[in-house]
Amino acid sequence: RLLERLQFLAEVPVLASLGPSARLDLASGAEDLAVEAGHPVILQGEEADALYLVRSGRVKVEQAAEDGSVSQLAELGSGATFGEMGLLFQRPRSATVTSVEPSSLVRVPRAVVEEVMSRSFHVGLALEDLASERGGRQ
């Protein structure tokens, strides 16, 4: 499983600039998740405790407004990353992410991300670039 996860991380665009040792550290500390369609992966307002990568399947990112309305911000497929905003800025989740179809995800706990970021400048840069692209979305 580790080798499969390592190969997958090497193919994720946002992690392309990472060296082999940083990818190995991420892969070693990560876990695989199988998520059924309609199952929430993260909930708006909860503590940001992990970074997620979509290995296969699709997830939708939705944000609830104070008036109760819900806006779909994005739909993400294979190779996409989510959950980085809360980790980088140490704030609660700004959106809910729900599986649209049966999906395979890789979950990287906060402690693993922080440890790798402390040793690899490139991990932090890659996540900051992704956060900048999303302009504050989860």
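Is Y52 buried or exposed? In this predicted model, Y52 has a relative accessibility of 5% and therefore counts as buried. The cut-off for burial is under 20% relative accessible area.

Y52 also takes part in an aromatic pair, and the structure holds one such pair. Its partner is F82. The two ring centres lie 5.2 Å apart, and the ring planes meet at 5 degrees. Planes under 30 degrees apart count as stacked, so the pair of Y52 and F82 is stacked. The pair links distant parts of the chain. Y52 belongs to strand β3, residues 50-56. F82 belongs to strand β6, residues 81-82. The two residues are 30 residues apart. F82 is buried as well, with a relative accessible area of 0%.

A further buried position was examined in strand β7. This strand spans residues 96-99 and contains S99. S99 has a relative accessibility of 2%, so it counts as buried. Neighbours within four places in sequence were set aside for its contacts. On that basis, S99 touches V35, E36, A37, G38, H39 and V41. It is also in contact with R58 and V59.

Helix packing was then considered, beginning with α2 and α4. Helix α2 covers residues 20-29, and helix α4 covers residues 110-119. Their axes come within 9 Å and cross at roughly 165 degrees. Angles over 145 degrees count as roughly antiparallel, so α2 and α4 are roughly antiparallel to each other. The crossing of α2 with α4 is right-handed. On the α2 side, the contact is made by A22, D25, L26 and G29. On the α4 side, V112, V116 and R119 contribute. By class, the residues of this contact comprise four nonpolar, one polar and two charged.

Helix α2 also packs against α1, which runs over residues 2-11. The axes of α1 and α2 are 9 Å apart, at an angle of about 130 degrees. This angle makes α1 oblique to α2. The crossing of α1 and α2 is right-handed. From α1, the residues involved are L2, R5, L6, L9 and A10. They meet R23, L24, L26, A27 and S28 of α2. The contact of α1 with α2 has seven nonpolar residues, one polar residue and two charged residues.

L26 of α2 appears in both helix contacts, facing α4 in one and α1 in the other.

Conventions: Residues numbered from 1 in each chain as written. Predicted model: local features only at pLDDT ≥ 70, side-chain atom pairs only at ≥ 80, totals over all residues. Heavy atoms only, no water. Phe/Tyr/Trp six-rings, centres within 6.5 Å; stacked < 30°, edge-to-face > 60°. Helix = DSSP H or I, 4+ residues; strand = E, 2+ residues; numbered from the N terminus. Buried < 20%, exposed > 50% of the residue type's maximum accessible area, 1.4 Å probe, protein only. Contact = heavy atoms within 4.5 Å. Axes fitted to C-alpha atoms, helices over the stretch in contact; angles between N-to-C directions. Parallel < 35°, antiparallel > 145°, perpendicular 65-115°, else oblique. Left-handed = near helix turned anticlockwise from the far one by under 90°. Nonpolar A, V, L, I, M, F, W, Y, C, P; charged D, E, K, R; others polar.
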